[in-house]
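Let's walk through this structure together, going from its sheets to its core and then to the parts that call for caution. Keep the view open as you read.

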Amino acid sequence: MSLLLPEGLLEYFDLVKVEKEKEDLSLYLEEKNMAPTGYENIKLESKGFFEQAAVQDFPIRHYRVMLYIKRRRWQVIETGEIVKRDWDLVQKGTRITKEFGAFLKGILG
């Protein structure tokens, strides 16, 4: 799947479900429970996910492809602050392309 999805996507997201119907291929992705940059040494508790976003991707073998992406949010146990991954930082320090990081940031906030 890493060859078919945007570069670096599976570094931060798990593919949790695939549905194929007629001419549609739906891929469901959930952000991994890995602390965001800057919070690696702080106690966090996963507080579930933001609302799922639907993103149309490039067709694969004549199938329309939809990515259903769920981003995670965490709570800093000590302060109660809610945090999420900063996609500007991710694109600078990883294999995710600048365009893909901007895409995720724009579509998911």
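Two strands count as paired if DSSP finds at least two bridges between them. With that in mind, look at E5, where Tyr-63 is the bridge partner of Ile-60. The strands involved, E4 and E5, pair in the antiparallel sense over 6 bridges. What you are looking at is a predicted model, and the confidence of the prediction will come up again below.

Step back now to the sheet around that pair. It is an open sheet of 4 strands in the order E1-E2-E5-E4, with mixed pairing. E1 and E4 have a single partner strand each and stand at the edges, so one side of each is left without a neighbour in the sheet. On average, and ignoring direction, neighbouring strands here are turned by 25 degrees against each other.

At the E1 end, follow the chain through the hairpin. Strand E1, residues 13-21, runs antiparallel to strand E2, residues 24-31, and 8 bridges join them. Val-18 is placed opposite Leu-27 in E2. There are 2 residues between the strands of this hairpin, and Lys-22 takes a positive phi near 40 degrees.

Which residues make up the largest nonpolar core? There are 12 residues in all: Leu-5, Leu-9, Tyr-12, Phe-13, Leu-25, Leu-27, Leu-29, Val-55, Ile-60, Val-65, Leu-67 and Ile-69. Two or more of these residues come from each of helix H1 (9-12), E2, strand E4 (53-60) and strand E5 (63-70). In soluble globular proteins, nonpolar side chains tend to be buried together.

Two members of this core are worth a visit. Ile-60, found in strand E4, has a relative accessible area of 17% and is therefore buried, the cut-off being under 20%. Leaving aside neighbours within four places in sequence, Ile-60 is in contact with Leu-4, Leu-25 and Val-65. Between Ile-60 and Leu-5 there are 10.0 Å in space, C-alpha to C-alpha, although the two are 55 residues apart in sequence. Leu-25, for its part, touches several residues beyond four places in sequence, including Val-18, Ile-60, Tyr-63 and Val-65.

Not everything out of reach of solvent is nonpolar, so is Glu-31 buried or exposed? Glu-31 is found in strand E2, and it counts as buried because its relative accessibility is 0%. Its side chain reaches the backbone nitrogen of Arg-72 at 2.8 Å.

Arg-72 brings us to the other sheet, since strand E6 covers residues 72-76. This open sheet has 3 strands in the order E3-E6-E7, with antiparallel pairing. Strand E3 (44-49) and strand E7 (82-83) stand at its edges with a single partner strand each, so one side of each has no neighbour in the sheet. E6 and E7 are joined by 2 bridges, and the bridge partner of Gln-75 in E7 is Ile-82.

Finally, how far does the predictor's confidence reach? The protein chain averages a pLDDT of 81, and 79% of the residues score at least 70. Among the elements, E1 has the highest mean pLDDT, 95, whereas helix H2 (residues 87-93) has the lowest, 50. Over residues 89-97 pLDDT stays under 50, and for this stretch the model has 19 contacts beyond four places in sequence.

Key. Residues are numbered from 1 along each chain as its sequence is written. This is a predicted model: local features need pLDDT of at least 70, side-chain atom pairs count only at pLDDT 80 or more; totals for chains, interfaces and linings use all residues. Side-chain values use heavy atoms; hydrogens and water are left out. Buried means under 20% relative accessible area, exposed over 50%, partly exposed in between (1.4 Å probe, protein chains only). A polar contact is a pair of N or O atoms within 3.5 Å; within protein, one must be able to donate a hydrogen and the other to accept it, and residues adjacent in sequence count only if both atoms are side-chain atoms. A nonpolar core is a set of buried Ala, Val, Leu, Ile, Met, Phe, Trp, Tyr and Cys residues joined through side-chain atoms within 4.5 Å. Contact means heavy atoms within 4.5 Å. Axes are lines fitted to C-alpha atoms, for helices over the stretch in contact, and angles run from 0 to 180 degrees between N-to-C directions. pLDDT is the predictor's confidence in each residue, from 0 to 100.
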